[in-house]
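Here's a quick tour of a protein model, written for someone new to reading structures. Have a look at the picture first, then work through the points below.

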Amino acid sequence: MNSLENLREEINKIDKDILTKLKERLNLVKEIAEAKKELGQGIEDEGREEQLRLIHKDITEELDLNDDFVIKLFALIVEESKKAQKQG
C-alpha cells in the first residue's frame, strides 16, 4: 500500500497535469478569439456553450463523476475562457 506521502505526491503530479492542460486550453482560446475576430464574430457563442454542456454531460456519465461538480467546474473554465478572449 502506498504511504500517505506517496499518494499526495501523485495528486500533486495530477494537479500539475490539470493546470498544464488548462494553460493549453487558454492558449487555444486566444487563437479562437483571433479567428472569431477575423470572421467578425463576437465572443459569446451560446450554441457552442450548449454543445460543450452536452459533451461534458456525456463524459461525466462515462466517467461516473458528480454532475454538479462538473457543471460548476466547466462554468468557471468557460467564464475564464471568455475573459481570455476579451483580453485577446
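In which helix is Glu49 found? Glu49 sits in helix H2. Keep in mind that what you're looking at is a predicted model. Let's start with Glu49 and its surroundings, then move on to the salt bridges, a surface patch, a loop residue and helix H1.

**Glu49 and its surroundings**

- Glu49 has a relative accessibility of 13%, so it counts as buried.
- If you skip the neighbours within four places in sequence, Glu49 is in contact with Glu44, Val78 and Lys82.
- Lys82 is another buried residue, with a relative accessible area of 12%. The cut-off to remember here is that buried means under 20%.

**Where H2 meets H3**

- The axes of H2 and H3 come within 10 Å and cross at roughly 145 degrees.
- As for handedness, H2 passes H3 in a right-handed crossing.
- On the H2 side, the contact is made by Glu49, Leu52, His56 and Thr60. On the H3 side, you'll find Asp67, Val70, Phe74, Val78 and Lys82.
- Zoom in on His56, which has its place in helix H2. With 13% relative accessibility, His56 counts as buried.
- Which residues does His56 touch, not counting those up to four places away in sequence? They are Val70 and Phe74, and both of them are on the H3 side of the contact.

**Salt bridges**

- How many salt bridges does the count come to? It comes to six. Three of the pairs, among them Lys82 and Glu44, are described here.
- Lys82 forms a salt bridge with Glu44, and their closest N and O atoms are 3.0 Å apart. Lys82 lies in helix H3 (residues 67–87), while Glu44 lies in the loop between helix H1 (4–39) and helix H2 (46–63), so this pair ties together parts that are 38 residues apart in sequence.
- Glu50 and Arg53 pair up too, with their side chains meeting in a salt bridge at 3.1 Å, N to O. These two are three residues apart in helix H2, so about one helical turn separates them.
- Are Glu50 and Arg53 tucked away? Not quite: Glu50 counts as partly exposed at 36% relative accessibility, and Arg53 counts as partly exposed at 40%.
- Lys57 forms a salt bridge with Glu61, where the closest N and O atoms are 2.9 Å apart. Here the partners are four residues apart in helix H2, so again they're separated by about one helical turn.
- Lys57 is partly exposed, with a relative accessible area of 45%, and Glu61 counts as partly exposed at 49% relative accessibility.
- Some salt bridges share partners, and these join Glu44, Glu49 and Lys82 into one network.

**A nonpolar patch on the surface**

- Ile55, Ile59, Leu63 and Leu65 form a nonpolar patch on the surface. Together they have about 340 Å² of accessible area.
- Take Ile55 as one of the patch members. Ile55 is found in helix H2, and with a relative accessible area of 36% it is partly exposed.

**A loop residue with a positive phi**

- Asp64 lies in the loop between H2 and H3.
- Is Asp64 buried or exposed? At 69% relative accessibility, Asp64 counts as exposed.
- The phi of Asp64 is near 55 degrees, which is a positive value in a residue other than glycine.
- Here's some background for that point: most residues other than glycine have a negative phi.

**Along helix H1**

- Ala33 has its place in helix H1 and is buried, with a relative accessible area of 12%.
- Ala33 and Leu4 are 29 residues apart along the chain, and their C-alpha atoms are separated by 43 Å.
- Glu5 also has its place in helix H1, and at 65% relative accessibility Glu5 counts as exposed.
- How many Å apart in space are Glu5 and Gln41? The answer is 49 Å, C-alpha to C-alpha, for two residues that are 36 residues apart in sequence.

Technical notes:
Residues are numbered from 1 along each chain as its sequence is written. This is a predicted model: local features need pLDDT of at least 70, side-chain atom pairs count only at pLDDT 80 or more; totals for chains, interfaces and linings use all residues. Side-chain values use heavy atoms; hydrogens and water are left out. A salt bridge is a side-chain nitrogen of Lys or Arg within 4 Å of a carboxyl oxygen of Asp or Glu. Buried means under 20% relative accessible area, exposed over 50%, partly exposed in between (1.4 Å probe, protein chains only). Patches are made of residues with over 30% relative accessible area and no salt bridge: like charges are joined within 9 Å, nonpolar side chains (Val, Leu, Ile, Met, Phe, Trp, Tyr) within 5 Å. Accessible areas come from the Shrake-Rupley method with a 1.4 Å probe; for residues, only the protein chains shown count as cover. Axes are lines fitted to C-alpha atoms, for helices over the stretch in contact, and angles run from 0 to 180 degrees between N-to-C directions. A crossing is left-handed if the near helix is turned anticlockwise from the far one by less than a right angle, and right-handed if clockwise. Contact means heavy atoms within 4.5 Å.
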